[in-house]
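This report describes aromatic pairing, charge placement over rings and nonpolar packing in a single chain. The sequence and model are shown first.

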Amino acid sequence: QVQLVESGGGSVQAGGSLRPSCTSSEPAFSRRTLDWFRQAPGKEREFVAAISWSHKPVYADSVKGRFTISRDNAKNMMFLQMNSLKSEDTAVYYCAQGSRVRNAWDALSQAASYDYWGQGTQVTVSS
C-alpha cells in the first residue's frame, strides 16, 4: 500500500507564500503522475496542478502564474510553491499519485485518475 504524506501547510497573510510538500512511499515514484487538489469548506474538491513523469506541469487557471509544482525523484517528494496567496486559496490541499494517467488535461485534472491520496494539509490565507 502506497502512502502519501503532506506537510508544509499553515497560515499566512494575503500576498504571502507557502510551500507544502508530499512524500511518497512508492518505489516506482519517478514513473508516476503526481497532482495537487484542494477542497474548501462547503465546496467540491478541485484540481490545482499536476506533473507527469516527464516533469511537464499543468495548472488550473485560478493558480497559473502564482503556483509552481515540482518533484524530486531522488527523494520521492513533490512540492507546491504557492506565491501571491489569496483568501480564496484557503483550503485543505491533497496530494495524489497515479500510475496510468493519460497525459491530457481531462485526465490529469480528474480526481478519479489517481490511485493514492494523502491525508491533506490545511492552508489558510487571511486578508
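Is W105 buried, partly exposed or exposed, and what is its relative accessibility? In this predicted model, W105 has a relative accessibility of 45% and therefore counts as partly exposed, since that class lies between the 20% limit for buried and the 50% limit for exposed residues.

**Aromatic pairs**

Four aromatic pairs are counted. In one of them, F37 and Y114, the ring centres are 5.9 Å apart and the planes meet at 75°; because an angle over 60 degrees counts as edge-to-face, the pair is assigned to that class. F37 belongs to strand 4 (residues 33-39), whereas Y114 lies in the loop between helix 1 (105-108) and strand 10 (116-117). The pair thus links distant parts of the chain, 77 residues apart. F37, at 2% relative accessibility, is buried, and Y114 is likewise buried, with a relative accessible area of 5%.

F47 and W105 also form an edge-to-face pair, with 5.1 Å between centres and 85° between planes. Because F47 is in strand 5 (residues 46-51) and W105 in helix 1, this pair ties together parts that are 58 residues apart in sequence. F47 is buried at 9% relative accessibility, while its partner W105 is partly exposed at 45%.

Ring pairs join F37, F47, W105, Y114 and W117 into a cluster.

**Charges over rings**

Two arginines lying over ring faces are listed below.

| Arginine | Ring | Distance from ring centre |
|---|---|---|
| R19 | F79 | 4.1 Å |
| R71 | F29 | 5.0 Å |

**Nonpolar core**

The largest nonpolar core comprises 35 residues, and W36, L80 and Y93 have the most contacts inside it. At least two residues of this core come from each of strand 4, strand 5, strand 6 (57-59), strand 7 (67-72), strand 8 (77-82), strand 9 (91-98), helix 1 and strand 11 (121-126). Strand 5 provides the largest share, five residues.

Which residues does L80 contact, leaving aside its neighbours within four places in sequence? The contacts of L80 include W36 and Y93, the two residues named with L80 for the most contacts inside the core. L80 is also in contact with L18, R19 and P20, with V48 and A49, and with F67, T68 and I69. Of these, R19 is the residue whose charge lies over the face of F79.

Conventions:
Residues are numbered from 1 along each chain as its sequence is written. This is a predicted model: local features need pLDDT of at least 70, side-chain atom pairs count only at pLDDT 80 or more; totals for chains, interfaces and linings use all residues. Side-chain values use heavy atoms; hydrogens and water are left out. Rings of Phe, Tyr and Trp (its six-membered ring) pair if their centres lie within 6.5 Å; planes under 30 degrees apart count as stacked, over 60 as edge-to-face and the rest as tilted. Helices (H or I, at least four residues) and strands (E, at least two) are DSSP runs, numbered from the N terminus. Buried means under 20% relative accessible area, exposed over 50%, partly exposed in between (1.4 Å probe, protein chains only). A charge sits over a ring if NZ of Lys or CZ of Arg is within 6 Å of the ring centre and within 35 degrees of the ring normal. A nonpolar core is a set of buried Ala, Val, Leu, Ile, Met, Phe, Trp, Tyr and Cys residues joined through side-chain atoms within 4.5 Å. Contact means heavy atoms within 4.5 Å.
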